[in-house]
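Me: Got a minute to go through the aromatic rings and the strand pairing in this one? Let me pull it up first.

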Amino acid sequence: MGLSQAGAWARQQASALRVWPNPVFGASRIRIEAAPGTPATRRAEIYGVDGRRIASLPLASGSVLWDARTDEGGRVPAGVYFARISDDPASSAVRFVIAR
């Protein structure tokens with residue numbers, strides 16, 4: 001983990017997830033990592049600012065690369081998004097920005 005990655009993880013410690021890079025500038029892959037000890041059956045869920053779930057991603061290996069597409073395959077527009085762990089009421093959402 002590089003210095004900038006370590007800093008991003010420290011800022012997001014209140015949540016069980018880390019989204020990197022944040023903000024995202026035209027990247028086609030966004031890394032979403034779960035904190036150590038997160039059960040492999042959990043999923044990372046991505047929500048728009050309107051509260052609608054736009055993607056649900058498996059966290060079987062503790063992290064996942066998201067291609068910034070909805071579950072239906074459409075590309076998400078630039079904007080603010082939130083990620084959280086499914087089925088974990090203690091999980092707070094992590095805010096991240098996609099800029100195109």
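Reply: Sure, here is a run through the rings and then the strands, bearing in mind that this is a predicted model.

Me: How many aromatic pairs are there?

Reply: The count is two aromatic pairs. In one of them, W66 and F96, the ring centres are 6.2 Å apart and the planes sit at 90°. That angle is over the 60-degree cut-off, so the pair is edge-to-face.

Me: Where do W66 and F96 lie?

Reply: W66 is in strand β6 (residues 63-66), while F96 is in strand β8 (residues 94-99). The pair therefore ties together parts that are 30 residues apart in sequence.

Me: And is W66 buried or exposed?

Reply: Buried, as W66 has a relative accessible area of 1%. F96 also comes out as buried, with 1% relative accessibility.

Me: Which residues form the aromatic cluster?

Reply: W66, Y81 and F96 make up one cluster.

Me: What's the bridge partner of Y81?

Reply: That's F96, over in β8. So Y81 and F96 share a cluster with W66 and are bridge partners as well.

Me: OK, switching to strands. How do β7 and β8 pair?

Reply: They're antiparallel, with five bridges between them.

Me: Which strand does β4 join?

Reply: Strand β4 (residues 43-48) is joined to strand β7 (residues 79-85) by five bridges, and the two run antiparallel.

Me: What stands opposite I46 there?

Reply: A83, which belongs to β7.

Notes
Residues numbered from 1 in each chain as written. Predicted model: local features only at pLDDT ≥ 70, side-chain atom pairs only at ≥ 80, totals over all residues. Heavy atoms only, no water. Phe/Tyr/Trp six-rings, centres within 6.5 Å; stacked < 30°, edge-to-face > 60°. Helix = DSSP H or I, 4+ residues; strand = E, 2+ residues; numbered from the N terminus. Buried < 20%, exposed > 50% of the residue type's maximum accessible area, 1.4 Å probe, protein only. Pairing = 2+ DSSP bridges.
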